Amino acid sequence: MPHYSRCLLCGWLVSQFVAGALGAASLRAGIKRSVFGKMPDGEEIHLYTLTNPNGMQVGITNYGARIVSIVVPDRHGNMADVVLGFDNLEGYLGKDPYFGAIVGRYGNRIAKGRFALDGVDYTLPINDGPNSLHGGTQGFDKKVWTARELSQVHPAVELTYLSRDGEEGFPGDLRVQVVYTLEESNALRIDYRATTDKDTVLNLTNHSYFNLAGEGSGSILDQEIMINAASFTPIDATMIPTGEILSVAGTPFDFRHLTRIGARINDDDQQLKFAHGYDDNFVLNHRGPGLVLASRAVDPHSGRVLEVFTTEPGVQFYTGNFLDGSVRGKGGKAYAYRSAFTLETQHFPDSPNHPNFPSTELKPGETYHQTTVFKFSTAN
Ligand code: BGC
């Protein structure tokens, strides 16, 4: 309804309408389950719609444990879905660049698909140039997870998956649990837990593509971002970290203050050229264990604000450089070049091959637990 907000009276009428709609929505706070589609073998896949008392809605499917939609208000109360995706399961089974997925076992790249652990060499599927990306060809994004609605104060869905020893080349039976909780503060909290029966490596993340103006509404280059990082891990031409940890000072990677995403994206910088834009791991400024503000993104036009908090040491900021309009998403919209950004909170890419990076090893008896929160609000 953007044209309504052009006159004051109309703006008021809209806000009254929205307030009424939100009042109605508060009665419907909770979880609704519906059918999202069928796998090729006939297995039914579900969509869980979580609603909070403010009317914020989040869609989660057990195919790939994905976030399918996040519907939040702008500064006038107009609701929009701010993540890219598809209307039904069929879309996700086709050409899909990990929209909203839980990525595993290893988020981002492992050089040449090789790593050694306890003196044993492991080989992973190569699916991105010479490297292994996002857990291989059949990563967690393509698995059917077991879903369960949790009866607790806030609407929440638990998704579990058992990844067998040797799946996509990784060692150990790994039991993974992801819980999505929609809080009253318009925050979507993701808790990741996992255990293994053999030494393994693990790096889970969520691969939501955000456009704070609404999915399918065009370029994100005028949206602004702050990344709470004083350094980043530069990459080589195949997008594998060189192992260095470089200061962002004086580079196009300095997002310590809110900056237009497009301000320097086309600079003559080798790192930007390797990735065709931003596609880099930032080293977050943690002052101790627990959640830290990793990033704040703002759409000055709609006023929508996204804050990302995480326990992870890094965040991969990717500006949709590989979107090219060939993927048609919700409502048949073509998702164009740089029409979304991701903030994938995680350990650093290729950590198993870089002893100077925080370890991604998980051992029997340990419980992996990471938390990331996507919190939405508005600014004037
Ligand atoms: C990677 C990109 C990749 C995208 C989709 C991001 O995490 O860093 O290079 O194109 O995921 O696969």
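This briefing covers model confidence, one sheet and one arginine.

The structure is a predicted model, in which local features need pLDDT of at least 70 and side-chain atom pairs count only at pLDDT 80 or more, while totals for chains, interfaces and linings use all residues. Residues are numbered from 1 along each chain as its sequence is written, and side-chain values use heavy atoms, with hydrogens and water left out.

**Confidence**
- The protein chain has a mean pLDDT of 93 (the predictor's confidence in each residue, from 0 to 100), and 93% of its residues reach 70 or more.
- Residues 1-27 have pLDDT below 50. Beyond near neighbours in sequence, this stretch makes 17 contacts in the model (heavy atoms within 4.5 Å).

**The sheet**
- An open sheet holds 5 strands (DSSP runs of E, at least two residues, numbered from the N terminus) in the order 1-2-3-4-5, with antiparallel pairing (at least two DSSP bridges between two strands).
- Strand 1 (30-38) and strand 5 (79-81) are the edge strands, each pairing on one side only.
- From one strand to the next, the twist averages 20 degrees (between N-to-C directions of lines fitted to C-alpha atoms, on a scale from 0 to 180 degrees).
- Strand 3 (residues 57-61) pairs with strand 4 (residues 66-73) over 5 bridges, in the antiparallel sense.
- Gly59 has Ser69 in strand 4 as its bridge partner.

**Arg264**
- Arg264 sits in the loop between strand 20 (259-260) and helix 3 (270-275) (a DSSP run of H or I, at least four residues).
- Arg264 is buried (under 20% relative accessible area, 1.4 Å probe, protein chains only).
- Arg264 has no salt bridge (a side-chain nitrogen of Lys or Arg within 4 Å of a carboxyl oxygen of Asp or Glu).
- The nearest side chain of opposite charge, Asp267, is 5.6 Å from Arg264.
- Not counting residues up to four places away in sequence, Arg264 touches residues including Asp254, Phe255 and Tyr278.

Conventions:
Buried means under 20% relative accessible area, exposed over 50%, partly exposed in between (1.4 Å probe, protein chains only). Lys and Arg count as positive and Asp and Glu as negative; His and the chain ends are not counted.
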